[in-house]
Amino acid sequence: RLDEAFLQAAELLYRTQGKVIVTGVGKSGLVGAKMAATFASTGTPSFFLHPTEALHGDLGMIGKTDSVVAISYSGESEELTKILPHLKRFEIPLVALCSKCDSTLGRYADAFVDISVEKEACPLGIAPTASTTLTMALGDALAAVLMKKRGFRKEDFASFHPGGSLGKRLFVKVEDLMRSEGLPIVESATPFKEALVAMSRGRLGHLLFVDEAERLLAILSDGDLRRALLSESLDTDRPAIEYATREPKRISLEEGLLAVDALRMMEKMQIQLMPIVDAKDRPIGVIHLHDLVEAGIGA
């Protein structure tokens with residue numbers, strides 16, 4: 001079915017300067033609603049219009065720069081055929097998804113896409129099953145062709161799906177998810193017993209150490225803490241930084257790093273928390289692995 005007629009329909013929709021309005025009744029209408037949603041999310045402005053509503057005022061939703069995709073297996077759906085003369089009166093380009101080119105819908109169409117099937121898949125051979133599947137497949141094919149012709153990229157797709165996993169991976173930055181309030185930060189000379197209290201108060205399972213200029217020096221993780229507590233040489237009056245990891249990995253806020261990139265870094269280094277520093281290497285926030293996962297970044 002991907003023939004010259006299909007290409008003609010795709011070209012007509014591609015040349016549409018306004019919106020692509022999809023219409024149909026019953027099962028065809030349900031398929032049409034999905035088709036319109038697919039068009040809209042892949043760079044072709046579109047919406048679904050029920051023929052009955054169109055006859056009662058909503059025909060005004062169709063503008064002179066729009067085009068219409070009408071779906072009817074028989075091409076004789078009464079509600080649909082009634083609006084066809086009005087579309088022609090306003091010279092609205094019409095793409096028909098129909099099984100009969102000599103039907104009322106087929107005769108009105110500027111481009112005809114054949115959705116005929118030898119038989120339906122249901123046991124009685126009458127319920128729209130194979131035909132609706134074919135119609136949906138051809139609708140998706142039209143959307144795919146239009147995406148290709150428009151140079152539609154995954155970044156464009158994500159911009160229409162900011163709440164989806166792809167949108168989050170492409171647009172959510174570290175600064176959007178980082179924690180910046182009540183950070184567990186202490187000076188380098190802080191004794192172990194005081195650092196333990198500060199670490200517990202921070203409720204992050206980590207403690208950051210800074211020098212006199214408030215620059216990041218080290219980080220004490222819960223793993224470091226457990227190893228220190230198991231050490232026979234532990235002196236709780238000694239500076240806790242002696243048990244911390246020096247020169248820890250960090251992320252500069254100025255880099256504008258994406259949250260998904262931070263997640264990859266943390267998974268590779270097998271750490272749960274990453275400090276965020278400013279241009280002077282002063283900690284201004286942290287990003288926790290759990291926050292990234294809960295935000296759906298790793299989905």
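1. Strand β1 (residues 20-24) is mostly covered, with five of its five residues buried. The side chains alternate as follows: Val 20, Val 22 and Gly 24 point one way from β1, while Ile 21 and Thr 23 point the other way. Residues of both groups are buried. This is a predicted model, and the points below should be read with that in mind.

2. The pairing of β1 is with strand β2 (residues 46-48). The two strands run parallel and are joined by three bridges. Within that pairing, Ile 21 has Phe 47 of β2 as its bridge partner.

3. Pro 51 belongs to helix α3 (residues 51-55). Its relative accessibility is 0%, so Pro 51 counts as buried, the cut-off being under 20%. Leaving aside residues up to four places away in sequence, Pro 51 touches Thr 23, Gly 24 and Val 25, and also Glu 79, Leu 80 and Ile 83. Two of these contacts, Thr 23 and Gly 24, are residues of β1 described in point 1. As a distance across the model, the C-alpha atoms of Pro 51 and Gln 272 are 55 Å apart, with the two positions 221 residues apart in sequence numbering.

4. Helix α7 (residues 130-150) packs against helix α2 (residues 27-41) with the axes 10 Å apart and an angle of about 20 degrees. That angle makes α2 roughly parallel to α7. The crossing of α2 past α7 is right-handed. On the α2 side the contact is made by Lys 27, Val 31, Lys 34, Met 35, Thr 38 and Phe 39. On the α7 side it is made by Thr 132, Thr 135, Met 136, Gly 139, Asp 140, Leu 142, Ala 143 and Leu 146.

5. Helix α1 (residues 4-15) also packs on α7, at an angle of about 55 degrees and with the axes 10 Å apart. The two helices are therefore oblique to each other. Here too the crossing is right-handed, with α1 passing α7. The contact residues of α1 are Phe 6, Ala 9, Ala 10, Glu 11, Leu 13 and Tyr 14. Those of α7 are Leu 138, Ala 141, Leu 142, Val 145, Leu 146, Lys 149 and Arg 150. Leu 142 and Leu 146 of α7 appear in the contact with α2 and in the contact with α1.

6. Ser 99 sits in the loop between β4 (94-98) and α6 (104-108). With a relative accessible area of 16%, Ser 99 is buried. The side chain of Ser 99 reaches the backbone oxygen of Tyr 73 at 2.4 Å. A reviewer may wish to look at this pair in the model. Beyond residues up to four places away in sequence, Ser 99 touches Ser 72, Tyr 73 and Ser 74, together with Phe 112, Asp 114, Ile 115 and Ser 116.

7. An open sheet of three strands has the order β10-β11-β12 and mixed pairing. β10 (251-252) and β12 (283-288) stand at the edges; each has a single partner strand, so one side of each is left without a neighbour in the sheet. Helix α13 (residues 259-269) packs on this sheet and touches β10, β11 and β12, its direction making about 130 degrees with that of β11. β10 pairs with β11 (residues 273-277) in the parallel sense over two bridges. In this pairing Ile 251 stands opposite Ile 276.

8. Two residues flanking this region deserve a check of their backbone. Glu 247, in the loop between β9 (245-246) and β10, has a positive phi of about 45 degrees although it is not a glycine. At 59% relative accessibility, Glu 247 counts as exposed. Asp 281, in the loop between β11 and β12, is likewise not a glycine and has a positive phi near 65 degrees. Asp 281 is partly exposed, with a relative accessible area of 22%. Most residues other than glycine have a negative phi.

9. Leu 177 is found in helix α10 (residues 174-177). Its relative accessible area of 22% makes Leu 177 partly exposed. Not counting residues up to four places away in sequence, Leu 177 touches Val 172, Ala 259, Ile 287, Asp 291, Leu 292, Ala 295 and Ile 297. The C-alpha atoms of Leu 177 and Thr 81, which are 96 residues apart along the chain, are separated by 53 Å.

Note on methods. Residues are numbered from 1 along each chain as its sequence is written. This is a predicted model: local features need pLDDT of at least 70, side-chain atom pairs count only at pLDDT 80 or more; totals for chains, interfaces and linings use all residues. Side-chain values use heavy atoms; hydrogens and water are left out. Two strands pair if DSSP finds at least two bridges between them. Helices (H or I, at least four residues) and strands (E, at least two) are DSSP runs, numbered from the N terminus. Contact means heavy atoms within 4.5 Å. Axes are lines fitted to C-alpha atoms, for helices over the stretch in contact, and angles run from 0 to 180 degrees between N-to-C directions. Buried means under 20% relative accessible area, exposed over 50%, partly exposed in between (1.4 Å probe, protein chains only). A polar contact is a pair of N or O atoms within 3.5 Å; within protein, one must be able to donate a hydrogen and the other to accept it, and residues adjacent in sequence count only if both atoms are side-chain atoms. Angles under 35 degrees count as roughly parallel, over 145 as roughly antiparallel, 65 to 115 as roughly perpendicular and the rest as oblique. A crossing is left-handed if the near helix is turned anticlockwise from the far one by less than a right angle, and right-handed if clockwise.
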